[in-house]
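Let's take a walk through a protein model together. Have the sequence and the 3D view open as you read.

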Amino acid sequence: MSAPKTNPSAAHTRARPVVYVVDDEVMILELISVVLSPLGFEVVTFPDPALAFEAFRETSNRPALIITDYAMHSMNGMELIEKCKAVAPDQKIVLASGTVGEDVYANALAKPDRFLPKPFETTQLVAVVRELTGGEMDG
């Protein structure tokens, strides 16, 4: 008999809350990753919302939070929010935008949990993430 195989890095990954970040601007993806990773989050970035939704739909380990831009090429952030909430209604999602305001989802059936206007300060980002993930972070 042999002991069950374990993958220590996989166990460590599961222990860290996962945040999906969806934005077609690579600099925004990098910024959010640089801010949240040292705080104990596993940040998974997607430059394409369709890829983000595919990953979301196929995973059994839902992210603690999704942060999505509004204005993207293949689908906008509200469309992504509607698709994700159809799969997992309780999924926590932040809509970030420099092109629209909170009124964009006033009449939507599926709404983001928070709105983050761009450009945002990193302290604003951390505060929203901390609030929506129940403070699941270091520091």
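What share of the 139 residues in the protein is buried? Buried residues make up 42% of them, where buried means under 20% relative accessible area, exposed means over 50%, and partly exposed is in between (1.4 Å probe, protein chains only).

Before going on, some ground rules. This is a predicted model, in which local features need pLDDT of at least 70 and side-chain atom pairs count only at pLDDT 80 or more, while totals for chains, interfaces and linings use all residues. Residues are numbered from 1 along each chain as its sequence is written, and side-chain values use heavy atoms, with hydrogens and water left out.

**Confidence and overall layout**

The pLDDT is the predictor's confidence in each residue, from 0 to 100. Its mean for the protein is 90, and 86% of the residues reach 70 or more. Residues 2-13 are another story: the pLDDT is below 50 there, and beyond near neighbours in sequence this stretch has 1 contact in the model. A contact means heavy atoms within 4.5 Å.

You can find 5 helices and 5 strands in the protein. Both are DSSP runs numbered from the N terminus: helices are H or I with at least four residues, strands are E with at least two. Along the sequence, the pattern reads α-β-α-β-α-β-α-β-β-α. Take the contacts between residues at least 6 apart in sequence: 64% of these join residues at least 24 apart.

**Two helices with a buried side**

Start with helix H3, residues 49-58, where Pro-49, Ala-52, Phe-53 and Phe-56 are buried. They sit on the same side of H3 because they cover an arc of only 95° around the axis; the arc is that of the directions from the helix axis to the C-beta atoms. There's a handy rule behind such patterns: an α-helix has 3.6 residues a turn, so residues three or four places apart point the same way. The buried residues of H3 pack against strands S1 (18-22), S2 (42-46) and S3 (65-69), and against helix H4 (77-87). At the N-terminal end of H3, Asp-48 acts as a cap, with a side-chain oxygen 2.8 Å from the backbone nitrogen of Ala-50.

Now jump to helix H5, residues 122-132, whose buried residues are Leu-125, Val-126, Val-128, Val-129 and Leu-132. Seen down the axis, these fall within an arc of 165°, so they line one face of the helix. Their cover includes helix H2 (26-36), S3, S4 and strand S5 (114-117). After H5 comes Gly-134, with a positive phi near 70°.

**The cores**

A nonpolar core is a set of buried Ala, Val, Leu, Ile, Met, Phe, Trp, Tyr and Cys residues joined through side-chain atoms within 4.5 Å. The largest one has 22 residues, and Val-22, Phe-56, Ile-66, Met-78, Cys-84 and Leu-95 touch the most other members. S1, H3, H4 and strand S4 (93-97) each supply at least two residues of this core. The largest share, 4 residues, comes from H4. Apart from this core lies another, of 21 residues, among them Val-35, Leu-65, Ile-67 and Leu-116.

**Three residues to click on**

Here's how three residues compare on accessibility.

| Residue | Place | Relative accessibility |
|---|---|---|
| Asp-23 | loop between S1 and H2 | 2%, buried |
| Thr-68 | strand S3 | 1%, buried |
| Glu-30 | helix H2 | 49%, partly exposed |

What does the side chain of Asp-23 reach at 2.8 Å? The backbone nitrogen of Glu-25 is its partner, in a polar contact (a pair of N or O atoms within 3.5 Å; within protein, one must be able to donate a hydrogen and the other to accept it, and residues adjacent in sequence count only if both atoms are side-chain atoms). Setting aside neighbours within four places in sequence, Asp-23 is in contact with residues including Phe-46, Asp-69 and Lys-118.

Thr-68, not counting residues up to four places away in sequence, touches Val-22, Gly-77, Leu-80, Ile-81, Ile-93, Val-94, Leu-95 and Ala-96. As for Glu-30, its C-alpha atom is separated by 9.7 Å from that of Val-43, 13 residues apart along the chain.

**One last oddity**

Look at the loop between S5 and H5, the place of Pro-119. A cis peptide bond joins Lys-118 and Pro-119, with omega about -5°.
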